[in-house]
Amino acid sequence: MFIDDTKIAQSGKVTVSGADVDAQVRFWIICKVSGLVPSFETQHQAAKQVLFYRCLPVLEKPHMSGSLHPLAAVCQVTATPDKEANFSACKQLVEEAKQQGASMVFLPEGFDYIGSSREETLALSESLAGDTISRYTQLARKLELWLSLGGFHERGHDWEADRRIYNSHVIINDRGDIVSVYRKSHLFDVELPEKGVSLKESAFTIPGPSLVAPVQTPIGKVGLGICYDLRFPELSVALQRHGAEILTYPSAFTVATGAAHWEVLLRARAIETQCFVLAAAQVGRHHEKRSSYGHALAVDPWGEVLGDCGEEKPGLVLVEVDLGKVRSTRRNMPVQQHRRDDAFYRSLPQT
């Protein structure tokens with residue numbers, strides 16, 4: 001779409017695709033898109049400026065939502081031991097995100113289910129070749145969007161011998177291919193009797209062997225973590241050094257730890273790495289033994305909260321991922337250039 005300069009009237013109006021648009025407003029839009037600096041004072045001058053820049057498109061091709069930047073959908077669900085009901089709820093959120101123009105959808109840890117006991121958790125687990133992941137690959141292919149499935153209960157490589165699982169973050173592209181799998185490396189073994197928190201993830205979960213490289217996606221390079229990994233800044237810094245522009249921490253935080261630490265940890269990871277941070281979350285009561293904090297969150301590279309799903313019910317928040325914010329934040333405050341080498345931080349004497 002281009003401006004038709006033959007339609008500009010004395011009133012300072014310009015006709016674009018048959019619609020009269022105030023030229024001053026239109027020129028400001030052109031400046032926003034092209035980076036030009038306006039220097040006019042009146043509407044009439046604005047009309048003349050529009051004539052001069054008539055070779056420029058009025059807008060870049062927008063996404064379905066009208067955004068100039070790709071959209072990410074950060075979801076919040078209440079998983080139970082009912083795998084079929086969980087898939088139905090997640091599918092509905094993914095379809096809603098697609099309708100609203102999302103390029104990539106983020107689901108939380110335990111999106112497949114949250115078991116009520118060790119035995120149930122193990123019995124419901126599957127391999128990556130099982131029915132659950134197969135259904136999500138088909139969904140991604142059908143809707144032509146990317147999925148971040150954070151915290152899939154994946155049967156371990158020696159399942160028949162040891163009956164242990166991985167907590168796996170699976171990335172599926174818009175063709176339905178699994179392009180990356182990160183297995184949670186920090187396991188949540190915590191006893192907080194005064195807070196009513198008692199979980200021992202290592203009782204049935206194998207810690208992942210390594211980090212995985214950030215994944216190039218339609219919204220940028222995404223670094224993968226899961227829930228408790230959020231408390232280890234070394235992980236986020238390592239991912240940032242390997243090119244991550246977005247960090248993601250799909251989670252199922254307890255109510256007690258979430259109220260105390262969730263937002264501040266996510267904002268800290270964003271600030272120190274100067275990345276976007278996207279954190280899908282579980283919310284509400286899963287069964288009689290467990291509830292989650294909610295507040296699926298999106299944070300920009302300056303540490304500003306862009307979206308929050310709250311603590312009451314499932315849903316999603318759409319976030320515009322403008323990688324220009326990453327570049328400008330890092331340029332204006334070049335923290336990584338100021339970081340000393342690893343030997344410096346190990347220079348204190350051993351105690």
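## Exercises on strand β3 and its surroundings

Both sides of strand β3 are covered, since Leu71, Ala73, Cys75 and Val77 on one face and Ala72, Val74 and Gln76 on the other are all buried (buried: under 20% relative accessible area, exposed: over 50%, partly exposed in between, with a 1.4 Å probe and protein chains only). The model is predicted, with local features requiring pLDDT of at least 70 and side-chain atom pairs pLDDT 80 or more, while totals for chains, interfaces and linings use all residues. Residues are numbered from 1 along each chain as its sequence is written, and side-chain values use heavy atoms, without hydrogens and water.

**Exercise 1.** Determine how many residues of β3 are buried, and account for the two groups of residues.

*Solution.* Step 1: β3 spans residues 71-77; strands are DSSP runs of E with at least two residues, helices runs of H or I with at least four, numbered from the N terminus. Step 2: seven of its seven residues are buried. Step 3: in a regular strand, side chains alternate between the two faces of the sheet. Step 4: accordingly, Leu71 and Ala73 belong to one side, Ala72 and Val74 to the other.

**Exercise 2.** Identify the strands that pair with β3 and state how each runs.

*Solution.* Step 1: pairing requires that DSSP find at least two bridges between two strands. Step 2: β4 (residues 102-107) is parallel to β3 and joined to it by four bridges; Ala73 stands opposite Val105 there. Step 3: between these two strands the chain passes through helix α3 (residues 83-99), a right-handed β-α-β crossover (with the strands pointing away from the viewer, the path from the first strand over the helix to the second runs clockwise). Step 4: β18 (residues 315-320) is antiparallel to β3, with six bridges, and its Glu320 faces Leu71. Step 5: β14 (residues 281-287) runs parallel to β3 through two bridges; Val77 has Gln282 as its bridge partner.

**Exercise 3.** Locate the residues with the most neighbours in the largest nonpolar core, and list the contacts of Ile246.

*Solution.* Step 1: a nonpolar core is a set of buried Ala, Val, Leu, Ile, Met, Phe, Trp, Tyr and Cys residues joined through side-chain atoms within 4.5 Å. Step 2: the largest has 43 residues, and Phe106, Ile219, Ile246, Trp262, Leu266 and Leu278 touch the most other members. Step 3: beyond neighbours within four places in sequence, Ile246 is in contact (heavy atoms within 4.5 Å) with residues including Ile219, Val222, Phe276, Leu278 and Leu323. Step 4: another core, of 24 residues, lies apart from the largest and includes Cys75.
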